[in-house]
Amino acid sequence: MTNIQLKQELENLLTSSIVKTDEPLYKYTYTETGGPADIYVEAGTIEDTAEVIRFGKTHNISVTYLGNGSNIIIRDGGIRGIVVSLLNLNNISVNGNTLVAESGAAIIDASQTALKHHLSGLEFACGIPGSVGGAVYMNAGAYGGEVKDCLKHVTAINEYGDFVNLTLEELELGYRTSRVQTEHLVVVSAEFELSADKNHEDIKAVMDDLTEKRESKQPLEYPSCGSVFQRPPGNFAGKLIQDAGLQGHRIGGVEVSKKHAGFMVNVDGGTAGDYEALIHFVQDTVQEKYGVVLHREVRIIGDHLEG
């Protein structure tokens, strides 16, 4: 079946989604890199998302999911099969102390919604540039808080297109890990249990303070993939990279940020290949100098560019 035929089949199957062929993925990543998707679907509903998964399973076509592309590198050769964007699944609702957000909603927006309703617990997320689904996927955290601290329940879709409901305990959230990763689940909505024991101004003050810290320390003026490496036990990736004298080191158009060594920024039309090469160089250098293995936090997916 050709890509055009696949597109027609999916358009006939889905009720409210947009389907494209050979869609450049650099438009959907924070690094501004990434080759084309064979088939790109902007899912309009949760049920459409499940239908795409079932379609892929039936036709033996791989299905890849994208949130807002903030902590991912898509290789320059792009992605074969179907890529599903979840960004249109962005509803957020509040009922009492419970906030429910669909997977494509920005975790920052969830944090701001909690603030509007005088709810505490998501302050740590006020500067995390990821989607709710991505935040659950990797148990995102910042400034002493993590998703697992306030997450209560998740609705996801498994590889067969069936809906599954998971409690916090069943999600097995750890440091940048979750059952969502190991079982290749797709989060479609998450329920957070928050607290109403602080007033609006106190919650806002915490969020303003965290926002100021982020803006003063992180290189937000350039495209980047966020924090590149996980925190090594008893140390900090950024400090090791800085101490190794790697700030400003560049491969192609990508360099280790001079502002924060834990970030790599696209300063001059860099490619995913530049990112990957720089990541390997930093890992090799830090291991050689300090004997510490840096593990990636950023996900790298897709095909290398042929030739």
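## Exercises on domain and helix packing

In this predicted model, the C-alpha centres of domain 2 and domain 3 are 27 Å apart.

**Exercise 1.** Describe the interface between domain 2 and domain 3, from the domain bounds down to single residues.

*Solution.*
- Step 1: The chain is split into domain 1 (3-85), domain 2 (92-216) and domain 3 (224-301).
- Step 2: Contact between the two parts involves six residues of domain 2 and five residues of domain 3.
- Step 3: About 500 Å² is buried between domain 2 and domain 3, and carbon and sulfur atoms give 48% of this area.
- Step 4: On the domain 2 side, the residues that lose the most area to domain 3 are Y137, Y175 and R176, together 70% of what that side buries.

**Exercise 2.** Which residue forms a salt bridge with E297, and how many salt bridges are counted between domain 2 and domain 3?

*Solution.*
- Step 1: The partner of E297 is R176, with the closest N and O atoms 3.5 Å apart.
- Step 2: A salt bridge requires a nitrogen–oxygen distance within 4 Å, and the R176–E297 pair is at 3.5 Å.
- Step 3: Between domain 2 and domain 3 the count is one salt bridge.

**Exercise 3.** Are helix 3 and helix 7 roughly parallel or roughly antiparallel, and which residues make their contact?

*Solution.*
- Step 1: Helix 3 covers residues 107-116 and helix 7 covers residues 200-217; their axes come within 9 Å and cross at roughly 155 degrees.
- Step 2: Angles over 145 degrees count as roughly antiparallel, so helix 3 and helix 7 are roughly antiparallel to each other.
- Step 3: Helix 3 contributes S111, Q112 and L115 to the contact, while helix 7 contributes H200, I203, K204 and M207.
- Step 4: Sorted by class, this contact has three nonpolar, three polar and one charged residues.

Key. Residues are numbered from 1 along each chain as its sequence is written. This is a predicted model: local features need pLDDT of at least 70, side-chain atom pairs count only at pLDDT 80 or more; totals for chains, interfaces and linings use all residues. Side-chain values use heavy atoms; hydrogens and water are left out. Axes are lines fitted to C-alpha atoms, for helices over the stretch in contact, and angles run from 0 to 180 degrees between N-to-C directions. Helices (H or I, at least four residues) and strands (E, at least two) are DSSP runs, numbered from the N terminus. Angles under 35 degrees count as roughly parallel, over 145 as roughly antiparallel, 65 to 115 as roughly perpendicular and the rest as oblique. Contact means heavy atoms within 4.5 Å. Ala, Val, Leu, Ile, Met, Phe, Trp, Tyr, Cys and Pro count as nonpolar, Asp, Glu, Lys and Arg as charged, and the others, Gly among them, as polar. Domain bounds come from an automatic or database domain assignment. Buried area is the accessible area (1.4 Å probe) that two parts lose on being put together, summed over both. A salt bridge is a side-chain nitrogen of Lys or Arg within 4 Å of a carboxyl oxygen of Asp or Glu.
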